[in-house]
Amino acid sequence: MKLKVIHLLIPLLWLAINGHAQTEKTAINKNIIHAEAGGIGGYGSLNYERMIDLPGLFSISGRVGAGTIRIYDFTSAFNPDLLFPVTVNGFYGKEHKIHLGFGQLIANTIHASHQDGSPKRETNLHTYFAIGYRYQKPSGRLVLGISYTPMIEFKQNFRHWGALTVGFAF
Amino acid sequence: MFFVVSCNKNEFDINNLNGNKVSAIGHGGMGIGHSYPMNSFEGILNSLSIGADGVEIDIQMTKDGILVAFHDGKLEESTNRSGKIYDKTWAEIEGARFSYPHYGNHKIIRLNDIFQNIPDREKYTYFLDIKSFKPNKDSLYFETLNNAIIDIIDRYELVEQVYVEFKNEKSISELKLIRPDIKQFVYNDFDYALSLAEQYNLQGITIAIDKLTHEKVKLAHSKNIMVATFNTHSHQRNIDAVKYNVDYNHTDRLKHLLKILKD
């Protein structure tokens, strides 16, 4: 697994370093709506992200989102699991960016009580990290990303995971 | 040109030992591949809530004689704990969480908790697939296991609703000896299962769908032995199972089976 991650990251780093070295930074569209497959949302999430420029080719962003596992609970009643990712990200690069991030998922999910079988809601926090690559032209609308996104569930279980991102910048 | 393939109940001419009806049994609840883990309480309750006739539950016994719903030989195969059920007490297993889905928080449950909390439990059929991964099982093990099974069936008055599924002859004969009224299915290769069912006067045999034919089902029925099938993880296999006239289908595609039986 570690080797696979290294093999994935090396070309991304190369792209990021070579993609910006010969150009100067210009303003980018700072608001992004993106859909993420995998990632902190587990199977996916819809997100809003706000970019903030920093000196040089650095930028950071804050992101909030929403996702779910199921809409109906085990009794077939409308009772969705609610997932809210909140993350902070750092980027380096102009068009091809290295991406580092971390955050928390606020997960409000349904399970069956072992005492009486009824649906019970429970809120847990899960920790998330990201390292990857993002493509976003300074004046372009399209945002694409791929990341390795390991997570720690229930404060104890480490899980390898990944994410693909497609977004719209404005 | 597009063809829409459908299969309605009207197209089936069901003829079996189960009142000419194929009972839809949720395989471990909602089946393999569903977002509820196999044998989770949520999966079991979900299968019954959407209309299953019953549920198949994989059962293992802990070191201290507690029956728990769990399929795999090792906890690490599908939970956040490690080890084997038979090596651990219930206190050591309690709280073990299934690995999928993410953030699901579905935990291993005792059979007692399942029966205690299923609404109208007497309405449903239960297949208890007894899994014994413990090597070198002695007579004390069989005695403890049988006592645990008997205790729970009697406690919830489910002798009519429960079918106990064993794979080997020793288990079958031990339970049959002390409680002949508890209904049993045997799960094994067709010929061997059929011979055991005849020898011990069992209610039925459980055979994977890919090892089953219409003729085999007919043969079992001619000996007054019912047939349950599993590995029905596609629509086509559900249809095959119904066409074969099985009595019970432990399906992984429960919604589809319910639909074709209802239409």
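**Two chains, strand by strand**

Hi everyone, let's start with chain A, which has one helix and 10 strands. By helices and strands I mean DSSP runs, numbered from the N terminus: H or I with at least four residues for a helix, E with at least two for a strand. Before going on, please note that this is a predicted model, where local features need pLDDT of at least 70 and side-chain atom pairs count only at pLDDT 80 or more, while totals for chains, interfaces and linings use all residues. Residues are numbered from 1 along each chain as its sequence is written, and chains are lettered from A and ligands numbered from 1 in the order in which they are written.

Walk along chain A from the N terminus and you meet α-β-β-β-β-β-β-β-β-β-β. Now, how do some of those strands pair? Strands E2 (residues 44-53) and E3 (residues 58-66) of chain A run antiparallel, joined by eight bridges. Pairing here requires that DSSP finds at least two bridges between two strands. You can spot A:Asn47 opposite A:Gly65 in E3(A). The two strands, E2(A) and E3(A), make a hairpin with four residues between them, and in its turn A:Gly56 has a positive phi of about 70°. E3(A) is also joined by seven bridges to strand E4 (residues 82-92) of chain A, again running antiparallel. There, A:Phe58 has A:Tyr92 in E4(A) as its bridge partner.

How much of chain A is buried? Of its 170 residues, 34% count as buried. Buried means that 20 or more other C-beta atoms, placed from the backbone, lie within 10 Å of the residue's own.

On to chain B, with nine helices and 10 strands. Its radius of gyration is 18 Å, close to the 18 Å from the globule rule for 263 residues, so chain B is as compact as a globular protein of that length. That radius is taken over C-alpha atoms, and the rule is 2.2 Å times the number of residues to the power 0.38. In chain B, buried residues make up 45% of the 263.

Finally, where do the chains meet? 20 residues of chain B are in contact with 20 residues of chain A, contact meaning C-beta atoms, placed from the backbone, within 7 Å. On the side of chain B that touches chain A, helix H1 (41-49) and helix H3 (111-117) of chain B each supply at least two residues. H1(B) gives the most to that side, with five residues. Thanks for listening!

Technical notes: Contact = placed C-beta atoms within 7 Å. Buried ≥ 20, exposed ≤ 12 C-beta atoms within 10 Å, placed from the backbone.
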